[in-house]
Amino acid sequence: MTSRIPRDSRLRLVRPRPLAAAPRAVNQRRPRRPAPRPPEGTPAPAELAGMARAGLAGAVRVARWADAALGPGRHGATADGKATLSDATAERAAADLGLSVAQVRADWDTARLAGLVEVHGDSARPGWRLRAWDRDDSAVLRGWVALFDAWSLAFPEPAEHEPAAVAEVVSAMPQVLSFLQLSAGPVPVEQLLDLLQQRVTELRTERCEVAYEPGTGRPAGSPAPAAAAPAADAPLAPLLDWALRALASVGALTYGGGQATLTPLGSWAVWVKLEQICVAAQSPAGNIEQSAEDMLRGCAQLRPNAARAEYRAWLAARPVGSAVTELIDAARGDDALLRGLAFEALRVVGAPAEPDVRAVVGEPALRPYALLWLAEHDGVDPEDAHEVLTRQEATWLWVDTAAAVADHGEAPMLVRHLESAVQPTVPQLLEEVRAVGHPRTVQVLVALAAAHPDPALAKAVRRAAFQVHTGG
């Protein structure tokens, strides 16, 4: 989860590859290796999912209330017509659910970070995980891992802490969590503080920062400057306390009596990160007989050629018109992976799908996919098809594909996805990603920050995620 290899931390992207290749990247997996077994004593996935459901019960309750009370066509919308948690909406939810307004807002934020709710401007809709919550353990565990990755957003730090020092602690915590996971039991906070100090020192060394004399805020051997000490002189004990409390708030550990202990969920999540694997939905049997959505999920783990064979067989078993309608309906769902796969299946359909594809060009979520499909159908080389997209459309597609990778891919794949961005630098990419308004922006940025090995880049991405989350 951490690396001590010195690296150039300047924020930049490698030479971008054509964006047309991005939607296919999810399926281009390396040969599968035998899945490593979790540490002895790790509960079964069904038991872990039960723990996650219990921990996120409040968030699910608020998300389902919003779906029922604020969804399109409902009569219970707020006076301003918004489905976001305005003061009036929060008070109404609190009254309906028998909770305090503060608890409703806290559960709402948790639901957003776990992907149970997606906010689109002034409206909100349930995420695909909420739809699958009661029947799909992997969706539940992915939602909890998304919250685990966003622990620093779920429990914001006190305002008196220096942002730079907070970022250093967030970057160093994976090593602390790894130590907790390997210890498999309570660890004194003093020991964790020593480890945190060592890791922060390593991070500063990697950035070639000058060491500061303890308690002075100035470089060793230099006269006292007039300016105050930077974050390098900030005490780490209060920040470790905040980090442990934040991780406890999402259910990753227990903290008290001067000790910290990973929960079974926390231990499993750290092991997942260490092994760079994720819980993937199992491919259902009999894809040809399934609905479009289930068929696409079943093809998600197949190589491109095998998936295309499945698409052809599925299409041959039903009328083209109804098949195309069903594929487009699947693309309109909340799972970005299915969106990309649906248009891959529509490529197999070919000309009969053109009228339906043209009809969805006006839908923002489908427009980039439809434009690429139409360009390729008109004879444009797939490597050049991305040129039909505007910069904003290309950025929206980049975020949507990143959401698919974050939900269904592996961490290294998400890092490699940076190569497909049209922006030449990471700061420019982050600026345009924030402006494009994709509903999964926060989750994508949090997942990318958690996966990227470059501390400086991860810090910049986390900052952008926090600004999008808070509306800054």
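**A three-stranded sheet and its helical surroundings**

In the small sheet described here, V187 faces A260 of strand 5. The model is a predicted one, in which local features require pLDDT of at least 70 and side-chain atom pairs count only at pLDDT 80 or more, whereas totals for chains, interfaces and linings use all residues. Residues are numbered from 1 along each chain as its sequence is written, and side-chain values rest on heavy atoms, with hydrogens and water left out.

The protein chain contains 22 helices and five strands, where helices (H or I, at least four residues) and strands (E, at least two) are DSSP runs numbered from the N terminus. Of its 472 residues, 49% are buried; buried denotes a relative accessible area under 20%, exposed one over 50%, and partly exposed the range in between (1.4 Å probe, protein chains only). The exposed area of the protein chain is about 21300 Å², of which carbon and sulfur atoms supply 53%; such areas come from the Shrake-Rupley method with a 1.4 Å probe, and for residues only the protein chains shown count as cover. Among contacts (heavy atoms within 4.5 Å) with a separation of 6 or more in the protein chain, 67% join residues 24 or more positions apart.

Three strands make up an open sheet in the order 3-5-4, with antiparallel pairing. Strand 3 and strand 4 are the edge strands, each pairing on one side only; two strands are taken to pair if DSSP finds at least two bridges between them. Strand 3 is joined to strand 5 by two bridges, while strand 4 (residues 253-256) and strand 5 (residues 259-262) are connected over four. Along strand 5, L262 is the bridge partner of L253, A260 that of Y255, and Q259 stands opposite G256. The hairpin of strand 4 and strand 5 has two residues between the strands, and G257 there adopts a positive phi near 65 degrees. One face of strand 5, with A260 and L262, is covered, and the other, with Q259 and T261, is uncovered. Helix 8 lies across strand 3, strand 4 and strand 5, at about 75 degrees to strand 5; axes are lines fitted to C-alpha atoms, for helices over the stretch in contact, and angles run from 0 to 180 degrees between N-to-C directions.

The loop between helix 8 (163-183) and strand 3 (187-188) holds A184. Most residues other than glycine have a negative phi. A184, however, has a positive phi near 55 degrees, and its relative accessibility of 70% places it among the exposed residues.

In the interior, nonpolar side chains form an extended set of contacts. The largest nonpolar core comprises 139 residues, and M173, L296, L327, L346 and W398 have the most contacts inside it; a nonpolar core is a set of buried Ala, Val, Leu, Ile, Met, Phe, Trp, Tyr and Cys residues joined through side-chain atoms within 4.5 Å. When residues up to four places away in sequence are not counted, L346 touches V324, L327, I328, A353, V357 and W373. Helix 12 (residues 292-299) is mostly covered, with six of its eight residues buried, namely A292, M295, L296, R297, G298 and C299. The cover over these buried residues includes helix 5 (128-131), helix 13 (304-316), helix 14 (320-331), helix 15 and helix 18.

Three aromatic pairs were found in the whole structure. Rings of Phe, Tyr and Trp (its six-membered ring) pair if their centres lie within 6.5 Å, and planes under 30 degrees apart count as stacked, over 60 as edge-to-face and the rest as tilted. One pair, W151 and W242, is tilted because its ring planes stand at 45 degrees, with the centres 5.3 Å apart. W151 belongs to helix 7 (residues 151-154) and W242 to helix 10 (residues 237-249), so this pair ties together parts 91 residues apart in sequence. W151 is buried at 6% relative accessible area, as is W242 at 2%. Another pair, F343 and Y369, has ring centres 5.6 Å apart and planes at 25 degrees, and is therefore stacked. F343 in helix 15 (residues 336-349) and Y369 in helix 17 (residues 367-377) are 26 residues apart, and their pairing links distant parts of the chain. Both F343 and Y369 are buried.

Y369 also appears among the neighbours of D400: beyond residues up to four places away in sequence, D400 touches A336, R339, Y369 and H438. D400 is located in helix 18 (residues 391-408) and is buried, with a relative accessibility of 0%.
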